Amino acid sequence: MAPRILVLGAGINGLSSAVCVQQACPLAQVQLVARRFCRFLGSTPGVWERGGVIKVKNWKVSEKTYEHLVKIACSPLAAVLKVQMLSGYILSSTAEDASKEAPAWTQIFDCYRDLTKKEMSRFPKEKHGKFFTTVTVDVPSYMVWLMKRCPLSNRSLFQINTCCSGSFRPGYTAAAAAAVVVIVVIVVVVVVVVVVVVVVVVVEVVVVVVIVVEVVVLVVEIEIGLIARPQSWFKEQGGTVRQAKIERIEEIAGDCDILINCCGISARDLFNDKELVPIRGQVWKVHAPWLKHFYIFDEEMEEHPYILPGVDYVTVGGNGRVDDWNTKPDPKEAQRLWDSAVQRLPSLQVIHNYGHGGSGITMHWGCALEVTAMVLEALGTEKEHIERMVSRL
């Protein structure tokens, strides 16, 4: 009898666990159970950074995840899944303990190093910083791919391998007969080579067309939001999906031989894990294509600015309020997060000064003064100094 494996929860961990188990145990009956399959679940871009590997026990699994994402970032699927290598800065406003050695987990990152004095001069409010290269992923696109799991990463798009062989069996003594045989063999070999090359080229063209079609289909699926109904993909591989709110573990205990718990905060009640509490975050999504690096400030603090460029937009945050169950956006908190991010990285802010309706000459100097005041404010200048400086212009 095939083993029954039930994965509880359809977040990034539940979905990846279901996919991996299903591929490793093709004869098993794998079922994915979740309260909802939401397209916007984890809709902010994820960055693989050091926060998740501080503890030694998390090091190895984080390293494997990093290698997995880097492999995607270097494959033809990178553009579709919006996975990219990204370099950036972690900065702190507190002094660094120079006696501490770099933790062993820093070896996971590419180009992990201290910032030079010249680099630090760009961040006058910071005491020390690190620079490294990591990988980012657009979570919704990635989750669609996990459901579909298109096996394209190990195939080269334009690799053509040809192999031909020929043999000649001597048996004639006459020179003329030998010459004829040689000519015939040469002709046969040439024909065989041509046929093989044509066949190989046709096969490779077909492969390329298939890959392109599959990628296009995947792009369309991502764009129209099929993450909201993943049953079709998971079932194609023999899995089943069940949408249900599980309130007591006894409801599913008899439905499986192995239960994989990936239900997140719901485990607090289902498994009586009262030490489990939510960490609330709030972010902005902005269009700032000139930002090519990520910036993380004072990551050890509960509220710390960060700027994470994605393929389509830049995510600006953020905070991590422990044991905060509020799921609604807070306008005051949003403004505070934005102001904090702009103060630490003034280039984030865009001041629009256009659309004067043909009255540019009439309004230009007054608008210029307002723009200057905004710039000074973004640079952290005190209000009374701004007024005095602008009044002199």
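Colleague: Let's start with a lysine: does Lys 82 count as buried or exposed, and why?

Modeller: Keep in mind that this is a predicted model. The general idea is a cut-off: a residue is called buried when its relative accessible area is under 20%, and exposed when that area is over 50%. Lys 82 has a relative accessibility of 15%, so it counts as buried.

Colleague: Where in the chain is Lys 82?

Modeller: Lys 82 sits in the loop between α3 (78-81) and β4 (83-92). Its backbone deserves a look too: the phi of Lys 82 is near 60°, which is positive in a residue other than glycine.

Colleague: Why look twice at a positive phi?

Modeller: Because most residues other than glycine have a negative phi. Lys 82 has a partner in this respect, since Asn 272 also shows a positive phi, near 55°. Asn 272 belongs to the loop between α9 (267-270) and β9 (279-280).

Colleague: And is Asn 272 buried or exposed?

Modeller: Asn 272 counts as exposed, because its relative accessibility is 57%. So we have positive phi values at Lys 82, which is buried, and at Asn 272, which is exposed.

Colleague: Now salt bridges. How many does a search of the whole structure find?

Modeller: The general idea is that side chains of opposite charge can pair when their charged atoms come close. The search turns up 12 salt bridges in the whole structure. Take Asp 114 and Lys 130, whose side chains meet at 2.2 Å, N to O. Asp 114 is in strand β5 (residues 110-114) and Lys 130 is in strand β6, so this pair links distant parts of the chain, 16 residues apart.

Colleague: How accessible are Asp 114 and Lys 130?

Modeller: Asp 114 is partly exposed, given its 46% relative accessibility. Lys 130, at 12%, counts as buried. The pair also has company: Glu 96, Asp 114 and Lys 130 are linked in a network of salt bridges.

Colleague: Which other residue should I click on in strand β6?

Modeller: Try Thr 134, in strand β6 (residues 128-138). Thr 134 counts as buried because its relative accessibility is 0%. Then find Phe 109: the C-alpha atoms of Thr 134 and Phe 109 are separated by 6.3 Å, with their positions 25 residues apart along the chain.

Colleague: Which residue pairs with Glu 333 in a salt bridge?

Modeller: Arg 280 does, and the closest N and O atoms of the pair are 2.8 Å apart. Glu 333 lies in helix α10 (residues 331-344) and Arg 280 in strand β9, so the bridge ties together parts that are 53 residues apart in sequence. Glu 333 and Arg 280 are both buried. For another case, look at Asp 269 and Lys 274, whose side chains meet in a salt bridge of 3.4 Å, N to O. Asp 269 counts as exposed because its relative accessibility is 57%, while Lys 274 is partly exposed at 46%.

Colleague: What span should I expect for helix α1?

Modeller: The idea is a simple ruler, 1.5 Å a residue. Helix α1 (residues 12-24) has 13 residues and should therefore span 18 Å; its end C-alpha atoms are 18 Å apart, which agrees. The buried residues of α1 are Gly 14, Leu 15, Ala 18, Val 19, Val 21 and Gln 22.

Colleague: What does UniProt place at residues 1-18?

Modeller: The unreviewed UniProt entry puts the feature "signal peptide" there. In the model, residues 1-18 are 39% helix and 28% strand, with the end C-alpha atoms 20 Å apart.

Colleague: Which residues form a nonpolar patch on the surface?

Modeller: They are Val 182, Ile 186, Val 190, Val 194, Val 198 and Val 202, with about 490 Å² of accessible area together. Val 190 is in helix α6 (residues 175-223). At 46% relative accessibility, Val 190 counts as partly exposed.

Colleague: And how does the chain come out overall, in helices and strands?

Modeller: The protein chain has 12 helices and 14 strands. Of its 393 residues, 35% are buried. Its accessible surface is about 23800 Å², and 59% of that belongs to carbon and sulfur atoms. Among contacts with a separation of 6 or more, 71% come from residues 24 or more positions apart.

Definitions and conventions. Residues are numbered from 1 along each chain as its sequence is written. This is a predicted model: local features need pLDDT of at least 70, side-chain atom pairs count only at pLDDT 80 or more; totals for chains, interfaces and linings use all residues. Side-chain values use heavy atoms; hydrogens and water are left out. UniProt positions are given in the numbering used here, feature names are shortened, and annotations may be inferred rather than shown by experiment. Helices (H or I, at least four residues) and strands (E, at least two) are DSSP runs, numbered from the N terminus. Patches are made of residues with over 30% relative accessible area and no salt bridge: like charges are joined within 9 Å, nonpolar side chains (Val, Leu, Ile, Met, Phe, Trp, Tyr) within 5 Å. Accessible areas come from the Shrake-Rupley method with a 1.4 Å probe; for residues, only the protein chains shown count as cover. A salt bridge is a side-chain nitrogen of Lys or Arg within 4 Å of a carboxyl oxygen of Asp or Glu. Buried means under 20% relative accessible area, exposed over 50%, partly exposed in between (1.4 Å probe, protein chains only). The expected span of a helix is 1.5 Å times one less than its number of residues. Contact means heavy atoms within 4.5 Å.
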